[in-house]
Amino acid sequence: MSRKARPYIVSPSRINECIRTGVTNRTVATYHGSDDTTMCGHITSTHNGITNHIVLSNLLSGCTSAIVSSNDNKVRVMDLNDCRVVKEFGFAWPVNCTSLDPRSRLLAVVGDSTETLLLDTTTGKVALQLKGHVDYSFACAFSPDGVTLATGNQDLTARLYDLRNPSTTSHTTLGCKHGCVRSLHFSPCGNYLSMAEPWDYVHIFSVKEKYEKAQVIDFIGEPAGVSWSADDEPGEQGLWVANGERELTSVMEWQKGRRGGAKAVENLLI
């Protein structure tokens with residue numbers, strides 16, 4: 001059985017903003033804004049309403065919203081001005097992760113299904129179904145230009161779909177070492193893709209090299225979260241990895257090296 005996490009989420013695209021959830025007799029979100037304000041809101045009272053994933057965005061309503069993926073088969077959009085749920089979408093299976101297309105209002109939805117759904121958040125209807133995986137998915141991410149969608153699965157693969165030609169035969173497949181894909185994130189500049197396994201490994205792929213060039217960060221522990229820094233200069237972007245191993249709890253940062261000058265690291269990743 002897949003392990004469900006109760007997340008503490010920090011948005012990689014914003015500074016000093018975070019949201020976390022906890023479960024008592026109902027699921028509650030606590031939002032900490034960049035102006036030091038703190039607000040709480042009710043997500044759901046269902047017995048299986050565990051929060052599996054949260055992402056912060058201002059693309060849906062013009063203000064900061066939280067897109068919450070829940071184990072009760074729902075995706076909810078919470079307006080963080082008052083921590084109130086303003087939209088709700090239902091599915092036939094528990095939702096493990098979502099990602100919003102930066103160019104449109106299409107929402108990628110993955111969960112306890114072999115399919116990936118692209119949902120039109122304006123109409124609430126499924127615009128496209130993507131196939132290829134053979135087990136349940138736990139991660140998804142749009143590239144910054146919205147052309148590529150990456151999905152991560154228990155079948156030990158990540159698949160990359162070119163949404164200009166989203167057929168089942170057009171995707172690229174990336175493999176793991178020994179565990180399912182738990183996290184996928186494109187860097188803000190779009191040059192790299194990070195892929196985290198449940199234990200010990202975080203992979204970094206070069207998008208410019210068509211994912212054929214990669215580096216593996218190997219450490220003892222469980223990657224509890226991965227995020228790219230939002231620095232303006234692509235060469236300055238760093239990778240943050242949270243280690244959830246009880247005896248080794250920490251947050252680690254990797255940055256691109258500068259040995260031999262900036263131009264000498266064009267072929268290096270991190």
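1. Asn153 is placed in strand E14, which spans residues 148-153. In this predicted model, Asn153 counts as buried because its relative accessibility is 0%, against a cut-off of under 20% for that class. The side chain of Asn153 reaches the backbone oxygen of Tyr136 at a distance of 3.0 Å. Leaving aside residues up to four places away in sequence, Asn153 touches His133, Asp135, Tyr136, Ser137, Cys180 and Val181. Tyr136 is thus named both as one of these contacts and as the residue whose backbone oxygen is reached by the Asn153 side chain.

2. The setting of this residue is a chain with zero helices and 23 strands. Of its 270 residues, 49% are buried. Where contacts between residues at least 6 apart in sequence are considered, 36% join residues at least 24 apart. The accessible surface of the chain comes to about 13300 Å², and carbon and sulfur atoms account for 48% of that surface.

3. One sheet merits separate description. Three strands form an open sheet in the order E21-E22-E23, and their pairing is antiparallel. Strand E21 (223-228) and strand E23 (250-255) each have a single partner strand and stand at the edges, so one side of each lacks a neighbour in the sheet. On average, neighbouring strands of this sheet are turned by 20 degrees against each other, with direction ignored. In general, the strands of a sheet pair through backbone hydrogen bonds, in a parallel or an antiparallel manner.

4. The pairing of E21 with E22 can be given in detail. Strand E22 covers residues 238-243, and five bridges join E21 and E22 in the antiparallel sense. The bridge partner of Gly225 in E22 is Ala242.

5. On the other edge strand, Gln255 is located in E23. Its relative accessibility is 46%, so Gln255 counts as partly exposed; that class lies between the limits of 20% and 50%. The side chain of Gln255 makes a polar contact with the side chain of Glu253, at 2.9 Å. Gln255 and Trp228 are 27 residues apart along the chain, and their C-alpha atoms are separated by 9.9 Å.

6. Aromatic pairing should also be noted, as the structure holds three aromatic pairs. One of them is formed by Phe91 and Trp93, which are stacked, with 5.8 Å from centre to centre and 25 degrees between the planes. Both Phe91 and Trp93 are buried. A further pair consists of Tyr192 and Trp228: the ring centres are 5.9 Å apart and the planes stand at 15 degrees, so this pair is stacked as well, the cut-off for stacking being under 30 degrees.

7. The pair of Tyr192 and Trp228 links distant parts of the chain, since Tyr192 lies in strand E18 (residues 192-196) and Trp228 in strand E21, 36 residues apart. How much relative accessible area does Tyr192 have, and is Tyr192 buried or exposed? The value is 8%, so Tyr192 is buried. Trp228 has a relative accessible area of 3% and is therefore buried too. Trp228 accordingly appears in two of the relations described here: the stacked pair with Tyr192 and the C-alpha separation of 9.9 Å from Gln255.

Note on methods. Residues numbered from 1 in each chain as written. Predicted model: local features only at pLDDT ≥ 70, side-chain atom pairs only at ≥ 80, totals over all residues. Heavy atoms only, no water. Pairing = 2+ DSSP bridges. Helix = DSSP H or I, 4+ residues; strand = E, 2+ residues; numbered from the N terminus. Axes fitted to C-alpha atoms, helices over the stretch in contact; angles between N-to-C directions. Buried < 20%, exposed > 50% of the residue type's maximum accessible area, 1.4 Å probe, protein only. Polar contact = N/O pair within 3.5 Å; in protein donor to acceptor, adjacent residues only side chain to side chain. Contact = heavy atoms within 4.5 Å. Areas by Shrake-Rupley, 256 points an atom, 1.4 Å probe, with all protein chains shown as cover. Phe/Tyr/Trp six-rings, centres within 6.5 Å; stacked < 30°, edge-to-face > 60°.
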